[in-house]
Amino acid sequence: MRAAALVLGLLLLSGCGGAAKSDALPHVGFVVKRTGGSFAQEMTSGFHEGVGRIGGVSATVTGPPGQDGHKEVELFADLTVAAIGGIAVATSEPALMAPAIGEALSQHVAVIGVDMRLTASSGVKLHIGNDNYELGEKLADELMRRLPSNATGTVVLGNTSPGLAGFDDRADGIRGRFAEKLPGVLVLGPFDTQRDDEANLDAWRRLVAANPDALAFVGTGDCDGVNLAAIRTEKSARWLVGGFGVDPRTLQAVRDGAMVATISPEHYLKGAVAGWLLARHATGAAPLPEGWVETPGLTVTTANLDQILHRQESEKARKEFFQAQIDSFVEDPSSWVRPLEQAR
């Protein structure tokens, strides 16, 4: 009798375990670089919004608080155990992440790249991000609008992440646009201006001291514009500053006139697209597309600054601002997809 009762108990436990597993929500994940950065917070908010639009899917977002590629890899590997519905990756170290991604794909965990492109060796077939060359052109356009049509002199260009494809593309876009529209202006660089805020500030102080007569200073990363605006204000200088991102300090610099423009990569939108696609895939509603989902950037100047400041005040305001763009994507995802090899 005791043996029979034990067998019956095991069967009941087994049945309960099976039921609990089948009732569990599909789970997706997102690994982001530098969770403390405003760009990571934007992507995280967007990701949860995108997942929520599908419903019935749980989500985890993780990442190191600072610059730590090895920690990104470790957290990604941990996430593959739980987020078997698929994982989005916005990494600062694509080459370092590639082997772990390959392992996840071999275990049939879907992976998509977000923001900066993953390496071809990773095997990932879907990238969600900007045309970074075009973003560089947009920023150059705003700087050139403040210069004479026959301007001569130098512009100093910095790059926080030399060798990282998207940042290199931004630098190339800036250089290419000046060469096309203002050939009398010589663009110096790009110089390595470092990812860390303090190191970035030191790098720009040296570059400003070495180029006191420059027409403008411009960088590819979020911290470039913030630090350049601070140096410009400190020195009461008249050279122009351009940067990227919607960090509160960046928007304040635009308001104060210390920065002529910032280009927002619209990280919230990228996160939302990634979340929606992964959640849809995790429910079995549709497979992930292959290719490059090109998401637009936005030029922020004093002309539209108040609108962007309002957008950044709350989650509700951001959701309302991006709703039309997300709706457009959801209605016809295929119209946003370009060949993967065209991504830049």
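Here are some short exercises with worked solutions on the predicted model shown above.

**Exercise 1. Get an overview of the protein.**
Find how many helices and strands the protein has, what its C-alpha trace spans, and what percentage of its residues is buried.

*Solution.*
- Step 1: begin with secondary structure, which comes to 12 helices and 13 strands.
- Step 2: turn to the dimensions; along the principal axes, the C-alpha trace spans about 95 × 35 × 35 Å.
- Step 3: look at burial; of the 344 residues in the protein, 52% are buried.

**Exercise 2. Describe the largest pocket.**
Work out its volume, which residues lie nearest its centre, and which helices supply its lining.

*Solution.*
- Step 1: the volume of the largest pocket is about 320 Å³.
- Step 2: its lining is made of 23 residues, and those nearest the centre are Arg34, Phe39, Phe167, Asp222 and Cys223.
- Step 3: sorted by character, the lining has nine charged, eight polar and six nonpolar residues.
- Step 4: at least two lining residues come from each of α2, α6 (165-181) and α8 (222-235), and α8 gives the most, with three.
- Step 5: go back to two of the central residues. Phe167 has Arg170 over its face, at 4.8 Å from the ring centre. Arg34 lies in the loop between β1 (27-32) and α2.

**Exercise 3. Take a closer look at α8.**
Is this helix largely enclosed by the rest of the structure or largely open? Compare its span with the expected one too.

*Solution.*
- Step 1: α8 has 14 residues and reaches 21 Å from first to last C-alpha, close to the 20 Å expected at 1.5 Å a residue.
- Step 2: 10 of those 14 residues are buried, so α8 is largely enclosed by the rest of the structure.
- Step 3: put names to them; the buried residues of α8 include Asp222 and Cys223 as well as Val226, Leu228 and Ile231.

**Exercise 4. Search for enclosed space.**
How many cavities of 30 Å³ or more does the whole structure hold, and what lines the largest cavity?

*Solution.*
- Step 1: the search of the whole structure gives one cavity of 30 Å³ or more.
- Step 2: the largest cavity has a volume of about 60 Å³. Among its 13 lining residues, Glu42, Val246, Ser264, Glu266 and His267 are the closest to the centre.
- Step 3: α2 (38-54) and α10 (267-282) each supply at least two residues of this lining; the largest share, three residues, is from α2.
- Step 4: by character, the lining splits into five nonpolar, four polar and four charged residues.

**Exercise 5. Follow the aromatic rings.**
Start from Tyr268 and Phe322: are their rings stacked or edge-to-face? Then see what else surrounds this pair.

*Solution.*
- Step 1: count the aromatic pairs, which number seven.
- Step 2: the ring centres of Tyr268 and Phe322 are 5.0 Å apart and the planes make an angle of 15 degrees, so this pair is stacked.
- Step 3: Tyr268 is in helix α10 and Phe322 in helix α12 (residues 315-331), so the pair ties together parts 54 residues apart in sequence. Both residues are buried.
- Step 4: Phe322 also pairs with Phe321, this time edge-to-face, with 5.0 Å between centres and 75 degrees between planes.
- Step 5: compare accessibility across that second pair. Phe322 has a relative accessible area of 0% and is buried, whereas Phe321, at 25%, is partly exposed.
- Step 6: Phe321 has a charged partner, as the charged end of Arg311 sits over its ring, 4.6 Å from the centre.
- Step 7: one aromatic cluster is formed by Trp204, Phe217 and Trp239.

**Exercise 6. Check the backbone for unusual geometry.**
Which residues are joined by a cis peptide bond, and what is the phi of Arg34 and of Gln194?

*Solution.*
- Step 1: recall the background: most peptide bonds are trans, and most residues other than glycine have a negative phi.
- Step 2: the bond between Gly189 and Pro190 is cis, with omega about 15 degrees. Pro190 belongs to strand β7 (residues 185-192).
- Step 3: Arg34 is not a glycine, yet its phi is positive, about 50 degrees. Arg34 is partly exposed, with a relative accessible area of 23%.
- Step 4: Gln194, also not a glycine, has a positive phi of about 70 degrees. Gln194 lies in the loop between β7 and α7 (197-210), and at 35% relative accessibility counts as partly exposed.

Key. Residues are numbered from 1 along each chain as its sequence is written. This is a predicted model: local features need pLDDT of at least 70, side-chain atom pairs count only at pLDDT 80 or more; totals for chains, interfaces and linings use all residues. Side-chain values use heavy atoms; hydrogens and water are left out. On a 1 Å grid over the protein atoms alone, a cavity is a set of points where a 1.4 Å probe fits but cannot get out, and a pocket is an open set with protein on both sides within 12 Å along at least five of seven lines; lining residues have an atom within 4 Å of a point. Grid points are joined across faces, edges and corners, and a volume is the space filled by probe spheres set on the points. Helices (H or I, at least four residues) and strands (E, at least two) are DSSP runs, numbered from the N terminus. Ala, Val, Leu, Ile, Met, Phe, Trp, Tyr, Cys and Pro count as nonpolar, Asp, Glu, Lys and Arg as charged, and the others, Gly among them, as polar. Rings of Phe, Tyr and Trp (its six-membered ring) pair if their centres lie within 6.5 Å; planes under 30 degrees apart count as stacked, over 60 as edge-to-face and the rest as tilted. Buried means under 20% relative accessible area, exposed over 50%, partly exposed in between (1.4 Å probe, protein chains only). A charge sits over a ring if NZ of Lys or CZ of Arg is within 6 Å of the ring centre and within 35 degrees of the ring normal. The expected span of a helix is 1.5 Å times one less than its number of residues.
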